[in-house]
Amino acid sequence: MAMAMASVEKSALLKLGFFPGLAARSPSPATTSKRRWRSGSFFRQQQMHVQAKVGAGLDLRQWVQQQGGFVWDGVGVVQSSREGVGLVAAKPLAAGTTIIALPHHLPLSFPPLQQPHSLSTSDALLLGLAQKVPVRLGLKLLAERAKEGSFWWPYIRMLPQTFSIPIFFSGQQINELHYPPVVQQVKKRCRFLLQFSTEVNKATENVLGENHPFQEQQVDASSLGWAMAAVSSRAFRTYNLMGTDNAMMLPLIDLCNHSFQPTARILQDLTLAKTEKFIEVVTEEKLEVGTPISLNYGALSNDVLLMDYGFIVAQNLHDRVELKFDGLLLDAARFAAGLYQSNSVSFSSPAPWQLPILAKLNLVGSNASLQVMLGGPDHVDGRLLAALRVLYAEDPADLQNIDLITLQTWKVATPLGLDIERKVLKTLSALSAVVLNYFPTTIQDDKDVLVKEDSSSTKHLITLFCHEKKRLLVNVMAGLKSRVSSLGKIDNVPQMG
């Protein structure tokens with residue numbers, strides 16, 4: 001019987017968690033638990049030496065093979081300053097060839113939920129805690145890390161001990177991002193980590209010995225942050241025949257770095273048969289010696305890549321600048337564009353006939369979703385475009401026979417007429433300029449820093465993130481200006497600028 005196979009995408013599974021400024025460190029005497037974490041645990045003082053990291057990767061390859069997995073003998077483990085440890089082709093290989101395959105028992109995952117009475121005390125406690133956390137696999141990882149003789153120890157010991165994601169930045173470094181959506185998300189993750197680490201220790205404070213899910217080891221915000229970071233940056237989302245997804249950590253496979261032009265992909269056996277190829281990595285193209293073995297983690301923005309993986313992609317086509325839909329902000333943009341008149345009605349106080357349309361766009365009301373975007377092929381979020389078209393309309397008759405889809409469509413150049421469309425585009429351009437001015441440095445300043453800074457440094461990462469946001473905004477303004485110019489040719493009006 002032929003196997004049912006499905007593509008698997010590496011996903012950013014974590015949307016909450018973490019505490020900023022908690023780099024891996026040894027616990028102070030005041031916080032040391034009844035037992036110390038085993039050697040090589042969460043609190044290693046420094047990252048492993050480059051050769052040690054590569055050596056651990058080679059050991060992991062051997063362990064996968066010993067446990068019934070398949071690893072092509074041309075898979076090499078290398079270290080780079082920008083991408084860390086990764087896999088490359090050490091020999092030429094044809095497209096469509098399996099290079100890594102894992103049997104069912106090798107991935108690390110949270111076990112299926114069972115009835116509490118069928119679980120041990122330790123597992124029941126772990127299950128109860130896992131139901132309160134967005135990524136329960138992180139708790140499973142902590143439990144296995146603490147367990148003497150864990151089956152997955154050869155894999156766990158080679159996981160990174162520090163991460164370059166913002167929750168481990170200093171307070172000053174977080175502020176240097178100058179990007180509220182990420183800064184606010186970091187703070188949200190901080191609050192969760194502090195609260196949840198307290199809940200974990202309270203639930204286990206009187207539990208001893210084998211009944212303790214973490215072998216009597218204290219789970220503080222640092223260890224919890226490490227586990228959640230490990231899962232968010234390395235776990236894969238897999239599926240069963242019913243379409244239910246499950247997070248799994250895939251030993252060795254998770255050393256494949258990201259590329260939007262990947263050289264390999266993951267296939268999953270969806271049959272119930274316990275095959276030796278439950279998860280396999282297959283080449284997408286012919287691999288020459290030295291070619292990185294890369295996977296596409298998904299169509300992710302730089303916000304997600306930075307928050308959950310600790311890197312960004314220059315000129316990322318999936319990147320956007322996130323804004324909150326705010327009438328006062330739009331008023332400021334209208335003023336900057338020279339379109340605000342003394343008799344203008346504030347965008348923060350729409351006319352009663354405009355409110356139902358804004359509500360249909362889900363931009364007003366108690367359950368409104370106020371997140372809008374700049375960037376992308378159409379330069380602007382469709383809901384934001386539609387909202388401005390509505391707000392500039394002066395009479396309900398302007399919107400007769402115009403549906404929401406048309407209002408949100410960039411390709412429909414003038415659904416409410418040339419005059420309104422010019423105002424909308426100029427306001428959007430001014431809005432981009434207002435957001436650009438939030439950053440205290442220029443694009444040239446960023447370029448100067450990027451030339452001087454080590455590409456593996458946090459300073460380089462932060463600067464590149466800001467540079468990419470500014471570059472995106474400049475491109476949006478250029479696209480909007482070009483659109484206004486094209487309208488000017490239609491109506492023989494002066495060009496913008």
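**Exercise 1. Leucine 480**

Task: Decide whether leucine 480 is buried or exposed in this predicted model. Then find its helix and its contacts.

Solution:
- Step 1. Take the relative accessibility of leucine 480, which is 1%.
- Step 2. Buried means under 20% relative accessible area. Leucine 480 therefore counts as buried.
- Step 3. Locate the residue. Leucine 480 lies in helix 15, residues 458–491.
- Step 4. List what leucine 480 touches, leaving out residues up to four places away in sequence: Trp410, Leu425, Leu428, Ser429 and Ser432.
- Step 5. Set sequence against space. Valine 380 is 100 residues from leucine 480 in sequence, yet their C-alpha atoms are 9.2 Å apart.

**Exercise 2. Charges over rings**

Task: Which ring does arginine 483 lie over, and which ring has the charged end of arginine 334 over it?

Solution:
- Step 1. Start with arginine 483. The face under arginine 483 belongs to tryptophan 410, and the distance to the ring centre is 4.1 Å.
- Step 2. Link this to Exercise 1. Trp410 is also one of the residues that leucine 480 touches.
- Step 3. Turn to arginine 334. Its charged end sits over the ring of phenylalanine 347, at 3.8 Å from the centre.

**Exercise 3. Aspartate 319**

Task: Describe the surroundings of aspartate 319. Where is it found, and which side chain makes a polar contact with its own?

Solution:
- Step 1. Place the residue. Aspartate 319 is in the loop between helix 8 (302–309) and strand 13 (321–324).
- Step 2. Check accessibility. The relative accessible area of aspartate 319 is 3%, so this residue is buried.
- Step 3. Find the polar partner. The side chain of aspartate 319 has a polar contact of 2.9 Å with that of lysine 469.
- Step 4. Add other contacts. Beyond four places in sequence, aspartate 319 touches several residues, including Ser301, Asn302, Asp303, Gly376 and Leu472.

**Exercise 4. Strands 13 and 14**

Task: In what sense do strand 13 and strand 14 pair, and which residues form the covered face of strand 14?

Solution:
- Step 1. Read the pairing. Strands 13 and 14 are antiparallel, over four bridges.
- Step 2. Sort the residues of strand 14 (371–374) by face. Val372 and Leu374 are on the covered face; Gln371 and Met373 are on the uncovered one.
- Step 3. Match a pair. Valine 372 in strand 14 stands opposite leucine 323.

**Exercise 5. Strand 5 and its partners**

Task: Explain why strand 5 is described as largely enclosed. Then identify the partners of isoleucine 100.

Solution:
- Step 1. Count the buried residues. Strand 5 covers residues 98–102, and five of the five are buried, so the rest of the structure largely encloses it.
- Step 2. Take strand 2 (residues 70–71). Strand 2 pairs with strand 5 in the antiparallel sense, over two bridges.
- Step 3. Take strand 11 (residues 279–283). Strand 11 also runs antiparallel to strand 5, joined by four bridges.
- Step 4. Focus on isoleucine 100. Valine 71 stands opposite isoleucine 100, and valine 281 in strand 11 is its bridge partner too.

**Exercise 6. A sheet of three strands**

Task: What is the strand order of the open three-stranded sheet, and which are its edge strands?

Solution:
- Step 1. Write the order: 6-8-7, with antiparallel pairing.
- Step 2. Find the edges. Strand 6 (108–109) and strand 7 (236–239) each pair on one side only.
- Step 3. Look at one pairing. Two bridges connect strand 6 with strand 8 (residues 245–249) in the antiparallel sense.
- Step 4. Name an opposite pair. Methionine 248 in strand 8 faces serine 109.

**Exercise 7. Aromatic pairs**

Task: How many aromatic pairs does the structure hold? Classify two of them.

Solution:
- Step 1. Give the total. There are nine aromatic pairs.
- Step 2. Take phenylalanine 163 and phenylalanine 168. Their ring centres are 6.5 Å apart and their planes are at 20°, so this pair is stacked. Both residues are buried.
- Step 3. Take phenylalanine 192 and phenylalanine 196. The centres are 5.4 Å apart and the planes at 10°, so these rings are stacked.
- Step 4. Place the second pair. Phenylalanine 192 and phenylalanine 196 lie in helix 6 (residues 180–204), four residues apart, or about one turn of the helix. Both are buried.
- Step 5. Add a cluster. Trp63, Phe151 and Trp152 are linked by ring pairs.

**Exercise 8. Confidence**

Task: What average pLDDT does the protein chain have, and over which residues does pLDDT stay under 50?

Solution:
- Step 1. Read the average. The chain averages 83, and 82% of the residues score at least 70.
- Step 2. Mark residues 9–52. Their pLDDT stays under 50, and the model gives this stretch 136 contacts beyond four places in sequence.
- Step 3. Mark residues 492–497. Here pLDDT is below 50, with ten contacts beyond near neighbours in sequence.

Note on methods:
Residues are numbered from 1 along each chain as its sequence is written. This is a predicted model: local features need pLDDT of at least 70, side-chain atom pairs count only at pLDDT 80 or more; totals for chains, interfaces and linings use all residues. Side-chain values use heavy atoms; hydrogens and water are left out. Buried means under 20% relative accessible area, exposed over 50%, partly exposed in between (1.4 Å probe, protein chains only). A polar contact is a pair of N or O atoms within 3.5 Å; within protein, one must be able to donate a hydrogen and the other to accept it, and residues adjacent in sequence count only if both atoms are side-chain atoms. Contact means heavy atoms within 4.5 Å. pLDDT is the predictor's confidence in each residue, from 0 to 100. Two strands pair if DSSP finds at least two bridges between them. Rings of Phe, Tyr and Trp (its six-membered ring) pair if their centres lie within 6.5 Å; planes under 30 degrees apart count as stacked, over 60 as edge-to-face and the rest as tilted. A charge sits over a ring if NZ of Lys or CZ of Arg is within 6 Å of the ring centre and within 35 degrees of the ring normal.
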